[in-house]
Amino acid sequence: LAQPTAADKTDHSTLTSESGWLGQQFVWPHRPVIRGEHVYKWQAKVRELGFVVEPDGAYGPESKQACTAFQREAGLTPHGIVDRPTWEATFDPSTRL
């Protein structure tokens, strides 16, 4: 699996909630592509939950498809944007899909 580069690293002192929500939505298409350690972390967790996505630290079309599928399964509005409710549902230990 591709790991984020040093340039993609995020300072975790800026985390704004217990779940690690950084306050940035992941949207595709977007220029420049949204990328970083926080995207990689979300992709890896969604993959662990059984959704098809290759954790590469870049939020692209595959990530959006995985997001939409996750949102549907989690009972969220399936819009393909990793917003705060989506992020928190992803990392909520009580989420069972």
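Visitor: Which residue's side chain meets that of R47 in a salt bridge?

Guide: The side chain of E54 does so, with an N to O distance of 3.0 Å. This is a predicted model, and the distance is computed from its atoms. To read such a pair, one looks at the two partners and then at how far each is open to the surroundings. In this pair E54 counts as partly exposed at 34% relative accessibility, and R47 is likewise partly exposed, with a relative accessible area of 38%.

Visitor: How many salt bridges does a search of the whole structure find?

Guide: The search finds three. Beside the pair of E54 and R47, there is one between K45 and E48, whose closest N and O atoms are 3.1 Å apart, and one between E88 and R84, where the closest N and O atoms are 2.8 Å apart.

Visitor: Why are K45 and E48 separated by about one helical turn?

Guide: Here one counts positions along the helix. K45 and E48 are separated by about one helical turn because they stand three residues apart in helix α1. Their accessibility is worth reading as well: K45 is partly exposed, with a relative accessible area of 22%, whereas E48 is exposed, at 58%.

Visitor: How many residues apart are E88 and R84 in helix α3?

Guide: They are four residues apart in helix α3, so that about one helical turn separates them. E88 counts as partly exposed at 29% relative accessibility, and R84, with a relative accessible area of 35%, is partly exposed too.

Visitor: Stepping back to the chain as a whole, how many helices and how many strands are there?

Guide: There are three helices and zero strands, and from the N terminus on the elements run α-α-α. Two totals complete this overview: buried residues make up 38% of the 97 residues in the chain, and, of the contacts with a separation of 6 or more, 44% join residues 24 or more positions apart.

Visitor: Which residues touch the most other members of the largest nonpolar core?

Guide: A core can be read by asking which members have the most partners within it, and then which elements supply its residues. Here the largest nonpolar core holds 14 residues, of which F26, W42, V46, Y59 and V82 touch the most other members. As for the elements, α1 (37-48), α2 (61-74) and α3 (84-91) each supply at least two residues of this core.

Visitor: How should I read the packing of two helices, and at what angle do the axes of α2 and α3 cross?

Guide: Two packed helices are described by the angle between their axes and by the distance between those axes. In this model the axes of α2 and α3 come within 11 Å and cross at roughly 75°, which means that α2 is roughly perpendicular to α3. On the side of α2 the contact is made by C67, F70 and Q71, and on the side of α3 by T86, A89 and T90. By character, the residues of this contact divide into three nonpolar, three polar and no charged.

Visitor: Is T68 of helix α2 buried or exposed?

Guide: T68, which lies in helix α2, is buried, with a relative accessible area of 15%. The next step is to ask what surrounds such a residue once its neighbours within four places in sequence are left aside; on that basis T68 is in contact with P78, H79 and G80.

Visitor: Where is D83 found, and how far apart in space are D83 and V27?

Guide: D83 is found in the loop between α2 and α3, and D83 is buried, with a relative accessible area of 14%. A pair of this kind is read by setting separation in sequence beside separation in space: D83 and V27 are 56 residues apart in sequence and 8.8 Å apart from C-alpha to C-alpha.

Visitor: Which residues does V33 touch, not counting those up to four places away in sequence?

Guide: V33 touches A58 and Y59 on that basis, and Y59 has already appeared among the residues that touch the most other members of the largest nonpolar core. V33 is found in the segment before α1 and counts as partly exposed at 25% relative accessibility. Read in the manner used for D83, V33 and G57 are 24 residues apart in sequence, and their C-alpha atoms are 10.0 Å apart in space.

Notes. Residues are numbered from 1 along each chain as its sequence is written. This is a predicted model: local features need pLDDT of at least 70, side-chain atom pairs count only at pLDDT 80 or more; totals for chains, interfaces and linings use all residues. Side-chain values use heavy atoms; hydrogens and water are left out. A nonpolar core is a set of buried Ala, Val, Leu, Ile, Met, Phe, Trp, Tyr and Cys residues joined through side-chain atoms within 4.5 Å. Buried means under 20% relative accessible area, exposed over 50%, partly exposed in between (1.4 Å probe, protein chains only). A salt bridge is a side-chain nitrogen of Lys or Arg within 4 Å of a carboxyl oxygen of Asp or Glu. Contact means heavy atoms within 4.5 Å. Axes are lines fitted to C-alpha atoms, for helices over the stretch in contact, and angles run from 0 to 180 degrees between N-to-C directions. Angles under 35 degrees count as roughly parallel, over 145 as roughly antiparallel, 65 to 115 as roughly perpendicular and the rest as oblique. Ala, Val, Leu, Ile, Met, Phe, Trp, Tyr, Cys and Pro count as nonpolar, Asp, Glu, Lys and Arg as charged, and the others, Gly among them, as polar.
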